[in-house]
Amino acid sequence: MTVQPPEPSPRPVPSGELRASHDDRDATVERLRDAAAEGRIDLDELDTRLEQALTSRTYAELAALTADLPQPNSTPDQPPLVLKGGLSGVSRGPGRWDAPGHVIAHGGLGGVKLDFTRVECRLPEIVVEAYGETAGVTIVLPDGWAADTGGIDPGTGGLKDRTTPDRLPGTPLVRLTGAGGLAGVVIRHPNRRERRKLEANPAPQECP
């Protein structure tokens, strides 16, 4: 009896290559129109970008159309949260904390862990600039949150995207930018140990 070798598992599709929905395209169109009203892009460029937005097929194609625009909810009174791994590392979460619209994480020599699992955020988007550098950056998202990783340069260390595309209504989209550096960047949902801790204390902290 000949034993057939198991078929290889399908390769996970990077978040940036996932197919965009009508709602995703409409959201990009609205953002482009707001940018034109603010004088950030002229009308000719608006027409060009709108046409591209309406025919975009993936998250990465949509992200490229707004990559040079300020992120939503980034205001002077809400500066980015900057985390630097330094020599010994740093983490934010899993305790309750307020997530701003923009987070910058530098892995340094000690690494950074950014854990959103106890945050209930009502912002439409959170931009995370992750620079893996020597020790890497790990980002943990709650189930139901989705990530767009099309804006990051994997670098030498690479990008490990272990999130699912199943985004629940009312949750933010995490737009990941930056560079993997030597150690890389990991973005994922909670592991078994983290899930046990969540079950012990599931109450979240809402963003303002």
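## The nonpolar core

In this predicted model, the largest nonpolar core is made up of 25 residues. If you would like to find its best-connected members, look for Leu114, Phe116, Ile126, Val128, Ile139, Leu141 and Leu176, which have the most contacts inside it. Strands β1 (81–84), β3 (102–106), β4 (112–115), β6, β7 (137–140), β8 (146–153), β10 (173–179) and β11 (185–188) each give two or more residues to this core. The largest share belongs to β6, with three residues.

A bit of background fits here: in soluble globular proteins, nonpolar side chains tend to be buried together.

## A buried loop residue

Leu123 is worth a stop on the way along the chain. This leucine sits in the loop that links β5 (119–120) to β6 (125–131). Its relative accessible area is 10%, and because the limit for buried is under 20%, Leu123 counts as buried.

Leu123 also has a partner from another part of the sequence: Gly101 is 22 residues away along the chain, yet the two C-alpha atoms are 7.0 Å apart.

## Backbone details in two loops

Two loops deserve a look at their torsion angles. In the loop between β2 (90–92) and β3, you will find Pro94. The peptide bond leading from Gly93 into Pro94 is cis, and its omega is near 10°.

The other loop joins β6 and β7, and Glu133 lies in it. Phi of Glu133 is positive, near 55°, although the residue is not a glycine. As for solvent, Glu133 has 30% relative accessibility and so counts as partly exposed, since that class lies between the 20% limit for buried and the 50% limit for exposed.

## Charged patches on the surface

The surface carries a patch of each sign. On the negative side, Asp23, Asp26, Glu30 and Asp34 come together in one patch. Asp23 belongs to helix α1 (residues 22–37). With 60% relative accessibility, Asp23 is classed as exposed, because exposed means over 50%.

On the positive side, the patch consists of Arg192, Arg193, Arg196 and Lys197. Here Arg193 is part of helix α4 (residues 192–200). How accessible is Arg193? The relative accessibility of Arg193 is 42%, so this arginine counts as partly exposed.

Key:
Residues numbered from 1 in each chain as written. Predicted model: local features only at pLDDT ≥ 70, side-chain atom pairs only at ≥ 80, totals over all residues. Heavy atoms only, no water. Patch = residues over 30% accessible without salt bridge, like charges linked within 9 Å, V, L, I, M, F, W, Y side chains within 5 Å. Areas by Shrake-Rupley, 256 points an atom, 1.4 Å probe, with all protein chains shown as cover. Salt bridge = Lys/Arg side-chain N within 4 Å of Asp/Glu carboxyl O. Lys, Arg positive; Asp, Glu negative; His and termini not counted. Charge placed at Lys NZ, Arg CZ, Asp CG, Glu CD. Helix = DSSP H or I, 4+ residues; strand = E, 2+ residues; numbered from the N terminus. Buried < 20%, exposed > 50% of the residue type's maximum accessible area, 1.4 Å probe, protein only. Core = buried A, V, L, I, M, F, W, Y, C linked by side-chain atoms within 4.5 Å.
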